[in-house]
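Please look through the sequence and the model below before reading on. The paragraphs that follow go from aromatic rings to the sheet and then to a few single residues.

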Amino acid sequence: MPDQGSCTVIVGCQWGDEGKGKIVDVLAERVDIVARYQGGANAGHTVHVGEDEFVLHQIPSGILHEGRRCLLGNGVVLDVQQFFEEYDAILERGIDIEGRVGVSYRAQLLMPYHRFLDKAVELAADTKIGTTGRGIGPAYEDKAGRRGVRTADLLNPERLAKRIEAAKSRVVARLDELGAGTQELDRAMDETLALSERLLAIATDVGPEISTALRSGRHVLLEGAQGTALDLDHGTYPFVTSSNTTAGSAATGSGIGPTQITDVIGIVKAYTTRVGEGPLPSEMSPEMDEHVRTLGGEFGATTGRPRRCGWFDSVLTRFASQVNGLTGIAVTKLDVLDTLDEVKIATAYRMPDGKTREFFPADTWALADVEPVYETMPGWKSSTCDIRRIEDLPSNARAYLDRIEELTNAPVKFVSVGTKRSQIIPVD
Ligand code: GDP
Ligand code: IMO
Ligand code: MG
């Protein structure tokens, strides 16, 4: 019998941008396959290798390790044009990518009309979501509405043309209603369809490939995009993305059974950030928000928008631990807090009715009015960037991590103290 394989899900536990890309890149060293299971080019995963910075939107963050197979599962909405731009850019930077990337035959294709509609709807909306404008909502709507086009449809150009025409004319009618232009749409459609052969050449059956690899003792990472609070069911609806970002969808979106998953590692930033609209209960004072944004370089990797900053919110991470079934957490960006006099953790919410609760509420509108209950801890006031062993961290930083672990209800497995691969502290 071959050695037992392993399948680890990497999932964001806040509002995205927790540093999933960096942790996946570090862990990719030990695995054979990295697969994305949901989302699309709304994701922006920044990875530093030596002096080089890569921002990955659709290609899994394992691509920067030689020889790793990188797959996009059925749960993703694939923006074909953006995908090949990213692919070619990586290739141009000297990474040997040929033959290493595979896309599921079952993946939904995100078409240019989805991007057009996303932007037009957002512009016209009274309640704005602050989407990334990448067409994610409309693409998942077409999937659920059974109007979507999948990689496998490229095998039959006649059927493909019919399905696209039906879906596209529906969107164009909606764009007309919204008074939005469609200039350049036909050109973008032509450019997308011209990539069909290229896409088919890398199309594969992702679920069977992963299952077979696991059975022969290989190691797999399933890389989540966005975060738990952006999950369509469990997040701050409607200020969420349009996919299930949580660990349950790692099986559905990659095409394996849930019993094949061995671990779920939640990625939590040492504080909280959010980009886009919607409540952020532990939002910092304007001065502190600005200060931490500067220290942490908190600007969106996909849209460049400033991220709002908040204190560590354990009400949210405890909920994330439960909904994702976390077996451990990786705490990232601890170094960003190195210079602060004190750090705060939200441990509960005082609700608008005056009651205190420790559970993340479903009522998003009430969430906008909650008053967090904070615990304040002393800062450590020294650099953690060069520390590689947990016992070498300043005692106040260790106390902070211990409290995060206790309140989140999941053991700390990694602490990240900088953008570099080497800036990681494994915890036994
Ligand atoms: P993702 O979407 O979850 O992959 O996260 P992003 O890449 O959007 O945002 C995380 C940002 O923090 C990126 O610019 C990373 O390079 C950076 N980063 C990740 N881990 C650390 C860390 O431990 N310390 C510091 N200072 N930056 C980090
Ligand atoms: P990564 O993978 C942070 C947010 C958008 C918006 C909402 C809906 O880098 O962590 P969408 O375009 O998905 O319809 O936008 O979700 N959002 C993200 N925020 N990180 C992301 O991805 C995000 N992807 C989407 O800002 O509030
Ligand atoms: Mg990001």
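Which residues form one aromatic cluster? In this model, which is predicted rather than determined by experiment, the cluster is made up of Phe319, Tyr349, Phe359 and Phe360. The count of aromatic pairs comes to 8, and one of them is formed by Phe84 and Tyr87, whose ring centres are 5.9 Å apart and whose planes meet at 55 degrees, a geometry that is tilted. Phe84 and Tyr87 both belong to helix α2 (residues 80–92), where they are 3 residues apart, or about one turn of the helix. As background, an α-helix has 3.6 residues a turn, so residues three or four places apart point the same way. Both Phe84 and Tyr87 are buried.

A second pair, Phe239 with Trp365, is edge-to-face, because the planes of the two rings stand at 75 degrees, with the centres 5.6 Å apart, and planes over 60 degrees apart are counted in that class. This pair links distant parts of the chain, since Phe239 lies in the loop between β10 and α9 (248–254), whereas Trp365 is in helix α12 (residues 364–367), 126 residues apart from Phe239. Is each partner buried or exposed? Phe239 has a relative accessibility of 9% and therefore counts as buried, while Trp365, at 52%, counts as exposed.

Two further aromatic rings have a charged side chain over them. The charged end of Arg93 sits over the ring of Phe54, at 3.9 Å from the ring centre, and Lys344 lies over the face of Tyr374, where the distance to the ring centre is 5.0 Å.

Turning to the strands, one finds an open sheet of 10 strands with mixed pairing, and its order reads β9-β7-β5-β2-β10-β1-β11-β15-β19-β20. The edges of this sheet are formed by β9 (203–204) and β20 (424–426), each of which pairs on one side only. In general terms, strands of a sheet pair through backbone hydrogen bonds, either parallel or antiparallel.

Strand β10 can be followed through both of its neighbours in that order, β2 and β1. On one side, β2 is joined to β10 by 4 bridges, the two strands running parallel, and here Val34 stands opposite Leu221 in β10. On the other side, β1 and β10 are also paired in the parallel sense, over 5 bridges, with His219 in β10 as the bridge partner of Ser6. Of the 5 residues of β10, 4 are buried, so this strand is largely enclosed by the rest of the structure. Elsewhere in the sheet, β5 (residues 69–72) runs parallel to β7 (residues 101–104) and is joined to β7 by 3 bridges, and Cys70 stands opposite Val101 in β7. Helix α8 (residues 206–215) lies across β1 (6–12), β2 (33–36), β5, β7, β9 and β10 (219–223), and runs at about 140 degrees to β5.

How many of the residues of helix α1 (residues 20–28) are buried? The helix is mostly covered, with 9 of its 9 residues buried, and these include Lys20, Lys22 and Asp25 as well as Ile23, Val24 and Leu27. Asp25 leads on to His65, because the backbone oxygen of Asp25 lies 2.6 Å from a polar atom of the His65 side chain, and a pair of N or O atoms within 3.5 Å, one able to donate a hydrogen and the other to accept it, counts as a polar contact. His65 itself is found in the loop between β4 (52–56) and β5, and its relative accessible area of 7% means that it is buried. Leaving aside residues up to four places away in sequence, His65 touches Asp25, Ala28, Glu29, Arg100 and Arg421.

A last stop is Met377, which has its place in strand β18 (residues 371–378) and, with a relative accessibility of 14%, counts as buried. Apart from residues up to four places away in sequence, Met377 touches Glu342, Val343, Ile345, Ala399, Tyr400 and Arg403. For one of these, Val343, the C-alpha atom is separated from that of Met377 by 5.3 Å, although the two residues are 34 residues apart along the chain. In contrast, the C-alpha atoms of His65 and Ala139, which are 74 residues apart along the chain, are separated by 31 Å.

Conventions. Residues are numbered from 1 along each chain as its sequence is written. Chains are lettered from A and ligands numbered from 1 in the order in which they are written. This is a predicted model: local features need pLDDT of at least 70, side-chain atom pairs count only at pLDDT 80 or more; totals for chains, interfaces and linings use all residues. Side-chain values use heavy atoms; hydrogens and water are left out. Two strands pair if DSSP finds at least two bridges between them. Contact means heavy atoms within 4.5 Å. Axes are lines fitted to C-alpha atoms, for helices over the stretch in contact, and angles run from 0 to 180 degrees between N-to-C directions. Rings of Phe, Tyr and Trp (its six-membered ring) pair if their centres lie within 6.5 Å; planes under 30 degrees apart count as stacked, over 60 as edge-to-face and the rest as tilted. Buried means under 20% relative accessible area, exposed over 50%, partly exposed in between (1.4 Å probe, protein chains only). A charge sits over a ring if NZ of Lys or CZ of Arg is within 6 Å of the ring centre and within 35 degrees of the ring normal.
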